[in-house]
Amino acid sequence: MTTDGTVLGLETLRDSLRGAGGSRPGLSIRIEDVTGITPEVYRFVERHVVDGSVVDVRVVTAVTRDGLLLSVQETARRG
């Protein structure tokens, strides 16, 4: 969902994230420990890596419905 409340489809979200590439040179994001809480709710760990070092870790909860991404909650986590 955008800040103005527009619900994005998964492909639109992926395209917009790809378009943000280079906003932090050398950044890669590793997704780990994906857990399906329900058929529409997923939780995973997102590790941001720059030059081989983890610079940020987040626990992310994503809510979907009918292939649309409805909500994403990111919570910072230490290492």
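Does Leu27 count as buried, partly exposed or exposed, and at what relative accessibility? In this predicted model, Leu27 lies in strand β2, and it counts as partly exposed because its relative accessibility, 32%, falls between the limits of 20% for buried and 50% for exposed residues. Leu27 also belongs to a nonpolar patch on the surface, which it forms together with Ile29, Ile31, Val34, Tyr42 and Val55, and the accessible area of these residues together is about 490 Å². Strand β2 gives the most to this patch, contributing four residues.

The confidence of the prediction should be kept in view when the remaining features are read. The chain has an average pLDDT of 85, and 87% of its residues score at least 70. Confidence is highest in strand β3, which spans residues 41-50 and has a mean of 94, whereas the lowest value, a mean of 76, is found in helix α1, comprising residues 10-19.

The strands are arranged in an open sheet of five, in the order β1-β5-β4-β3-β2, with antiparallel pairing. Its edge strands are β1 and β2, the latter covering residues 27-38, and each of them pairs on one side only. In general, the strands of a sheet pair through backbone hydrogen bonds, in either a parallel or an antiparallel manner.

At the β2 edge, the strand that carries Leu27 is joined to β3 by nine bridges in the antiparallel sense, and within this pairing Glu32 has Val45 of β3 as its bridge partner. Elsewhere in the sheet, strand β4, made up of residues 53-65, is likewise antiparallel to β5, with nine bridges between them; one of the residues involved is Thr64, whose bridge partner in β5 is Leu69. Strands β4 and β5 form a hairpin in which two residues lie between them, and Asp66, located in the turn, has a positive phi of about 55 degrees.

At the other edge, strand β1, consisting of residues 8-9, pairs with β5, residues 68-77, in the antiparallel sense over two bridges, and Gly9 stands opposite Leu68 of β5. The segment before β1 contains Val7, whose C-alpha atom is separated by 6.8 Å from that of Leu69, although the two residues are 62 residues apart along the chain. Val7 has a relative accessible area of 36% and is therefore partly exposed, since this value lies between the limits of 20% and 50%.

Key: Residues numbered from 1 in each chain as written. Predicted model: local features only at pLDDT ≥ 70, side-chain atom pairs only at ≥ 80, totals over all residues. Heavy atoms only, no water. pLDDT = per-residue confidence, 0-100. Pairing = 2+ DSSP bridges. Buried < 20%, exposed > 50% of the residue type's maximum accessible area, 1.4 Å probe, protein only. Patch = residues over 30% accessible without salt bridge, like charges linked within 9 Å, V, L, I, M, F, W, Y side chains within 5 Å. Areas by Shrake-Rupley, 256 points an atom, 1.4 Å probe, with all protein chains shown as cover. Salt bridge = Lys/Arg side-chain N within 4 Å of Asp/Glu carboxyl O.
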